[in-house]
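Below is a short briefing on how some helices and strands are arranged. Please keep the sequence and the structure in view while reading.

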Amino acid sequence: MSLSVSVALLRGGANTAKNSKPLVNTAATLLRNQRSQSSFVSVIQRLGAQNIPSTAKFSTSTVSSSSSATNGIGANISKAKEELRLADAVCFDVDSTVCTEEGIDVLAEYLGKGEAVAKLTSAAMDGGTLFQDALRDRLALLQPSKQNFLDCHEKHPPQFCPNVHKLISKLNARNTDVYLVSGGFRIMIEPIADILNIPHTRIYANNIFYNPDGTYNGFDDQEPTSRDGGKPKVMKMLIDKFAYKHVVMIGDGATDLQARPPAHAMIGYGGIAQREKVMNGADWFVHDFKELIDVIDEEN
Ligand SMILES: [Mg+2]
């Protein structure tokens, strides 16, 4: 399918689908950012152009950038933007949100157990398995030593999602408290926090225990993030402790969606993974952090 046909379908769909403008914008963003073909097809189909084959290919070559593509999708976009403007705390998920990869999958790959662990991760992120069960099973499979984590980091340094560094810099500059709240491992997240100028005290993640010789010795199952429902617990803890009035959670997964409430708004991030549950449940769903940066810049 040629690009001209796909653009025509975008326009045609826009004329027939109710409330279609955000969907058109999302499709345009997907095109421009070369997001997954399946996501693009899904958006087009929601616009009413049902006859597009799922195997259709699209090109970004002649799609110009458009300011209208910054609207995103979501049921409470205005509220999410307002909460972001007012936010005294913004909590970021890490895997597939701050960073492009799932940390545990990177570790598993490094240890030669990638495929088995990826299946467990995927089930957990789609909400099909209790988080604590998936975590326990994956760690039992990996048995990661402290040295394994350090070597893995050396060989595979974290890759950041586009614009996330800029967004966090702007939040830091505005004195908004930024947190990393992750079902991943503290030992992998601390170097990420260092790069983003986030104090280690603002990391909520899982702690691994080691034997005196550095071999794996289980994990701290009392850490809220080690259990299903952990992220809302962290939100409540932060609100109780610091009396935050406007907390925004940003993430790609089902566990991030669980964080609101107590978080006042949840912004879904689909730059790496687009999960239908998150796309439907988020107050605002974006594919590029630039959309959030624009909201912050509007204040100035
Ligand atoms: Mg994630």
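Helix 9 and helix 14 are roughly parallel to each other, because the angle at which they pack is about 25° and angles under 35 degrees count as roughly parallel. The model is a predicted one, and the points below take up this helix pair before turning to a sheet and to a helix that lies across two of its strands.

**The pair of helix 9 and helix 14**

- Helix 9 covers residues 164-173 and helix 14 covers residues 290-298, and their axes are 9 Å apart.
- The crossing of helix 9 and helix 14 is left-handed.
- On the side of helix 9 the contact is formed by Lys166, Leu167 and Lys170, which meet Leu292, Ile293 and Ile296 in helix 14.
- The residues of this contact divide into 4 nonpolar and 2 charged, with no polar residue among them.

**The sheet**

- Six strands form an open sheet with parallel pairing, in which the order of the strands is 3-2-1-6-7-8.
- Strand 3 (203-206) and strand 8 (284-286) stand at the edges and have a single partner strand each, so one side of each is left without a neighbour in the sheet.
- On average, and with direction ignored, neighbouring strands of this sheet are turned by 15° against each other.

**Strand 2, strand 3 and helix 10**

- Strand 2, which comprises residues 177-185, pairs with strand 3 in the parallel sense over 3 bridges, and Leu180 stands opposite Ile203 in strand 3.
- Helix 10, made up of residues 186-195, lies across strand 2 and strand 3 and runs at about 150° to strand 2.

Note on methods: Residues numbered from 1 in each chain as written. Predicted model: local features only at pLDDT ≥ 70, side-chain atom pairs only at ≥ 80, totals over all residues. Axes fitted to C-alpha atoms, helices over the stretch in contact; angles between N-to-C directions. Helix = DSSP H or I, 4+ residues; strand = E, 2+ residues; numbered from the N terminus. Parallel < 35°, antiparallel > 145°, perpendicular 65-115°, else oblique. Left-handed = near helix turned anticlockwise from the far one by under 90°. Contact = placed C-beta atoms within 7 Å. Nonpolar A, V, L, I, M, F, W, Y, C, P; charged D, E, K, R; others polar. Pairing = 2+ DSSP bridges.
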